[in-house]
Amino acid sequence: MGLGSFAAVADVPAPQNVPYQGTLKIHVDATDIAHRVFRVQETIPAQAGPLTLLYPQWLPGNHSPTGPIDKFAGLKVTANGQVLPWTRDPLNVYAFHVDVPQGASDVQVEFQFLSPQDPRQGRVVMTPEMLNVQWNAVSVYPAGYFTTQIKAEASVTLPAGWQLGTALDVAARSGDTVSFKEIDYDDLVDSPIYAGKYFKRVDLDPGAKTPVFLNIVADDPKFLEIKPEQLKVHQNLVQQMYKMYGAHHYNHYDFLLSLSEKMSGNGLEHHRSSENGVGTNYFTEWDKSAVERDLLSHEFNHSWDGKYRRGADLATPSFNVPMQDSLLWVYEGQTQFWGYVMAARSGLWKEDMARDMLAYVAATYEKGRPGLQLWRNIQDTTNDPIIAMRRPLPYRNYQMSEDYYSGGQMIWLDVDGKLRELSGNKKTIDDFGKNFFGMKNGEWDVNTYTFEDVVKTLNDIQPYDWAKYLRERLDGHGPITGGIEAHGWKLVYTDKPSDAIKGVEARRGSTDLTYSLGVSVGKGGDIADVLWDGPAFKAGLSPGMKLIGVNGKEFSSDTLKDAVTASSKDKSKPVELLVKNFDEFQTIRIDYHDGLKYPHLERIQGKPDRLAELLKAR
């Protein structure tokens, strides 16, 4: 049979920039928390003839074709009381074709979103105490239109007595059903809901014409207690952003924050809100939650960087047109940078915590990403949302994974150092932030940019060959940690973990010996990652094995660290590990004798402390 017999083309109308006639009406019944099922009913204006319905595939913030179509079920389409047969497009599984009969002015659509029962199935968004409505998961829309040209009226029915936070404007509430004002479908998908049995709303900018609120849901009401000094640093965050950018791009902003060990952790940006999920101890055990406290500063920054100003190849006309991610080193990399800086400027982090976290990142790119030196570059990792879609990787350090985040952060720290050097410390990255993101106060239509726009803004601030400078770091395989020394510090390694590393290990239940044995061990002894060509790798250790014993004793984090220390004192004694590999046990001896190594920053004598200047509150 010839190849032509199999030829097929996805029969989906391309989006046109013309108004859609009518308004989508979307209702979500979110009361079935026992089964974790969202039940959807939609009315979609339509004319007689072919109609294609799309389930959102390419998701902003995910930068990837990860719309949860695998959890879409029960599709039923009717018109004038008549059930209409539908056909899924064979080349586009997110598209459903129906024929609208004569005399019909709309179709009724019903389906269910079967949300994950277990984190292995995806992010848990419904628990007995809280839920997260993401409109991309609970709606379909007609093909053939820019999503900014489709109007929508949405409503949701919540479990009895639950309260909600969202950037959507409420039109009415009747019992537990909340109806929202009309909005274009693009902005509806950009405006999720957090709702819960235990809820608190906190004003982060009292008296402001443009309000900013923190909407919190929790597993238990005791986790909602906030001390005045904790509230103050979150309020500081808003003011520090305003002082740097000099403008904002929303008519109000709502942080959505879950404090839960049941609903999955999350960080997802939106233009007028953000989804943020952390552990229950965020407020109640403040000293232990520090490693999570750059989350809000990161996601808030995205309102400027990523949502308002967006890489031109990411700004697509609908949720089913493929995105390109080439500028994520700006979108996510600079946001990762500002997430750390603003956590320090606001007081969410103390300055020493910010330095420790920067040391942790710098070590990653000095020693912890052999793939960067051997075969991959930061620019190529901007393809990772499409390549890997955040699936677990066998050797992350060698394969690399979305290194445009933290690698991009290192590049922007370097940019700040270069601006300071060239200008005699008169120009800094704050100037870039204000010039590139701080225009047109109050406007929130997407404002796209290109690589050339980034270069031009830098050149306007301080003339230099910025294109060559950035491309060397993005496309090359050399070091990208020069910003540390440019700010008056150097990266060193000692046998004492920093508070940042202790916090990361406590939160993850891990033991990170990347820079000594070359291994990171997860909960229960599971080998999470093995440094490519490091001591453990050369001895035969690999991810997926399970660590059972260390030097004849049962494995624990302490016994492993003690063994590394002991081997540094007795050079003839290897670190001996008993591991389980599938159904086999084996002993692996690692000939390593240089002791524990953890990254820290140390001042360079005689150089000004530009890092302190960067992290200081404005």
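Modeller: First, some vocabulary: a residue is buried under 20% relative accessible area, exposed over 50%, and partly exposed in between (1.4 Å probe, protein chains only). This is a predicted model, where local features need pLDDT of at least 70, side-chain atom pairs count only at pLDDT 80 or more, and totals for chains, interfaces and linings use all residues. Residues are numbered from 1 along each chain as its sequence is written, and side-chain values use heavy atoms, leaving out hydrogens and water.

Colleague: Okay, what percentage of the protein's 618 residues count as buried?

Modeller: Use the under 20% cut-off. Out of 618 residues, the share that passes as buried is 58%.

Colleague: And what is the radius of gyration of the protein?

Modeller: That radius is taken over C-alpha atoms, and the globule rule is 2.2 Å times the number of residues to the power 0.38. For 618 residues, a compact globule would come out near 25 Å, which agrees with the protein's own value of 26 Å.

Colleague: Let's zoom in on His-63. Is it buried or exposed?

Modeller: His-63 sits in the loop between strands E3 (49-54) and E4 (72-79); helices (H or I, at least four residues) and strands (E, at least two) are DSSP runs, numbered from the N terminus. Its phi is near 60 degrees, a positive value in a residue other than glycine. With a relative accessibility of 2%, His-63 counts as buried.

Colleague: Which residues does Glu-225 touch, leaving out those up to four places away in sequence?

Modeller: Glu-225 is in the loop between strand E18 (212-218) and helix H2 (228-245), and it counts as exposed because its relative accessibility is 52%. One partner is 25 residues away in sequence, with 9.2 Å between the C-alphas: Lys-200. Contact means heavy atoms within 4.5 Å, and the full set is Lys-200, Gln-230 and Phe-283.

Colleague: How are H2 and H5 set relative to each other: roughly parallel, roughly antiparallel, roughly perpendicular or oblique?

Modeller: Helix H5 (residues 333-346) packs on H2 at about 120 degrees, axes 8 Å apart; axes are lines fitted to C-alpha atoms, for helices over the stretch in contact, and angles run from 0 to 180 degrees between N-to-C directions. Under 35 degrees is roughly parallel, over 145 roughly antiparallel, 65 to 115 roughly perpendicular, and the rest oblique. So H2 and H5 are oblique.
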